[in-house]
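Work through the exercises below with the sequence and the model side by side, and try each task before reading its solution.

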Amino acid sequence: MDKLVSLCKRKGFIFQSSSIYGGVNGCWDFGPLGVELKRNLKDDWWYVFVQQRDDMVGLDASIIMHPDVWVASGHVEAFHDMLTDCKDCKKRYRADHLETENCPECGGELTEPKAFNSMLRTQLGVSEDTAVNTYLRPETCQSIFVDFKEIYSSTRVKVPFGIAQVGKSFRNEVNPRNFIFRSREFEQMEIEFFCREAEEEEWFARWQKDIWQWYLDIGLSEDKLRWYEHPKESLAHYSKRTVDVEYDFPFGWGELQGLANRGTFDLTAHSKKSGKDLSFFDQESNERFIPTVLEPSAGADRATLAVLCDAYCEEEVPAGKDGKTETRTVMRFAPQLAPIKAAVLPLVKKEGLAEIAQDLERTLRKKFNTYYDHAGAIGRRYRRQDEIGTPFCICVDFDTKEDETVTIRERDSMEQVRIPMAEVSDYIGKRVSHERD
Ligand code: GAP
């Protein structure tokens, strides 16, 4: 984990927020490569779960909602952690995370656990006396429930269908830890899928299958994934059943995403609190009912962390001609997620090769994210691209001037093929796109 965190900082994937001021615990900034990686991951999720399905529509709702939303959802009442403080060193812990009766740090006596709401409070309005207290949303899904009627009456969707949203959520986590795994500000990729109660088990099984497949498609190793079924007694207040996808991180198994059966809890609660009917009317069967909700709820930061962990690889490769080897660090990202898809490298900067390479890079840039580099020996430049996970390096050499062909080196196998320059865009485009057979 230390090696990965250091690579992320050194190469500009992820660093701590406000680090020149000492940092903010649980808040992270995604740098030039990190923003591309996470955006590609979110785009892939949206492509697979929204654009490629005919039973799904999207939403991008505001982060700040009416405070009553959080009363109806149960968060004001139930979104609590039980906290306990050490009377000696004053460290604070989540009582349910403690394995000892005393402070794990200094052995001191602990206070009685007290409930502490994990939502981040904020005030809406500039005047002290009229400002309204509300919260930054702790999950993206509540706006889907609140907007349910607006969405189904403005589109032609019919149950069964889903509404998807990707966006920021905020939680005052007591112990943010494990790099970006548990943060205070993070992004969720959530779907609320509305179906009939009679079909809930069938849909639950279908969602399990689709979710699992997506994690495989973004490159995670199947032997590092598993399902965890929550026992009945530890289910969240809204859930009839929850299963999690877990990933075997270097710090142990951790939740990547949940799949919950929320029943009719949320639509019923918001109907009652707002006084607005959130039932669904099926014109074909002339039936009015509150649909059952299945919720595949994933974390974009946790998925990004799993992708980074799975991609990280160190291997011995030949160096020079006398049988020596060197260690190469390579990020084996799935091509559709790689921050940079192709680097264009002139063999040398001189003799017109740089100009040809720059022209080629400008052409390719219109189709996918590219990079141009002429600094240092070609071998070193390949290594730099391996370390940030660029799947293809295109080398422009002296033959290019003669026959307009280039060499394409593939990151994982390091194999090279020679193809006409005019075919490079198609060759790489096919291999890095979202499209799958
Ligand atoms: N709407 C249901 C819900 O929010 P959750 O299990 O609390 O359920 C869903 O959160 C997903 O959001 C988690 O599986 C995880 O991927 C992500 N997540 C939750 N808390 C997080 C945190 N503090 N930091 C990063 N990701 C988090």
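**Exercise 1. Sort the residues that line the largest cavity by class, and find which elements supply them.**

Solution. Begin with the classes: the lining of the largest cavity has 8 nonpolar, 1 polar and no charged residues, where Ala, Val, Leu, Ile, Met, Phe, Trp, Tyr, Cys and Pro count as nonpolar, Asp, Glu, Lys and Arg as charged, and the others, Gly among them, as polar. This is a predicted model, in which local features need pLDDT of at least 70 and side-chain atom pairs count only at pLDDT 80 or more, while totals for chains, interfaces and linings use all residues. Residues are numbered from 1 along each chain as its sequence is written, and side-chain values use heavy atoms, with hydrogens and water left out.

Next, list the residues: the lining consists of W45, F49, M189, I191, W207, I211, Q257, P296 and A298. A cavity is a set of points, on a 1 Å grid over the protein atoms alone, where a 1.4 Å probe fits but cannot get out, and lining residues have an atom within 4 Å of a point.

Then turn to the elements, which are DSSP runs numbered from the N terminus (helices: H or I, at least four residues; strands: E, at least two). Helix 2 (32-51), strand 10 (185-195), helix 7 (200-217) and strand 16 (292-299) each supply at least two residues of this lining.

Finally, the volume of the largest cavity is about 40 Å³, a volume being the space filled by probe spheres set on the points, which are joined across faces, edges and corners.

**Exercise 2. Explain why strand 5 and strand 6 each have one side without a neighbour in the sheet.**

Solution. First write down the order of the open sheet of 3 strands, which is 5-4-6 with antiparallel pairing; two strands pair if DSSP finds at least two bridges between them. Strand 5 (92-94) and strand 6 (114-117) stand at the edges with a single partner strand each, so one side of each is left without a neighbour in the sheet.

As a last step, look at one pairing: strand 4 (residues 80-85) and strand 5 are joined in the antiparallel sense over 3 bridges, and L83 stands opposite R94 in strand 5.

**Exercise 3. Locate the cis peptide bond, and then the loops that hold N286 and E351.**

Solution. The cis peptide bond joins V159 and P160, with omega about 5°, and P160 is found in the loop between helix 6 (148-154) and strand 9 (161-170).

N286, although not a glycine, has a positive phi of about 60°, and this residue is found in the loop between strand 14 (280-282) and strand 15 (287-289). E351, also a residue other than glycine, has a positive phi near 55° and lies in the loop between strand 19 (342-346) and helix 10 (353-365).

Notes: On a 1 Å grid over the protein atoms alone, a cavity is a set of points where a 1.4 Å probe fits but cannot get out, and a pocket is an open set with protein on both sides within 12 Å along at least five of seven lines; lining residues have an atom within 4 Å of a point.
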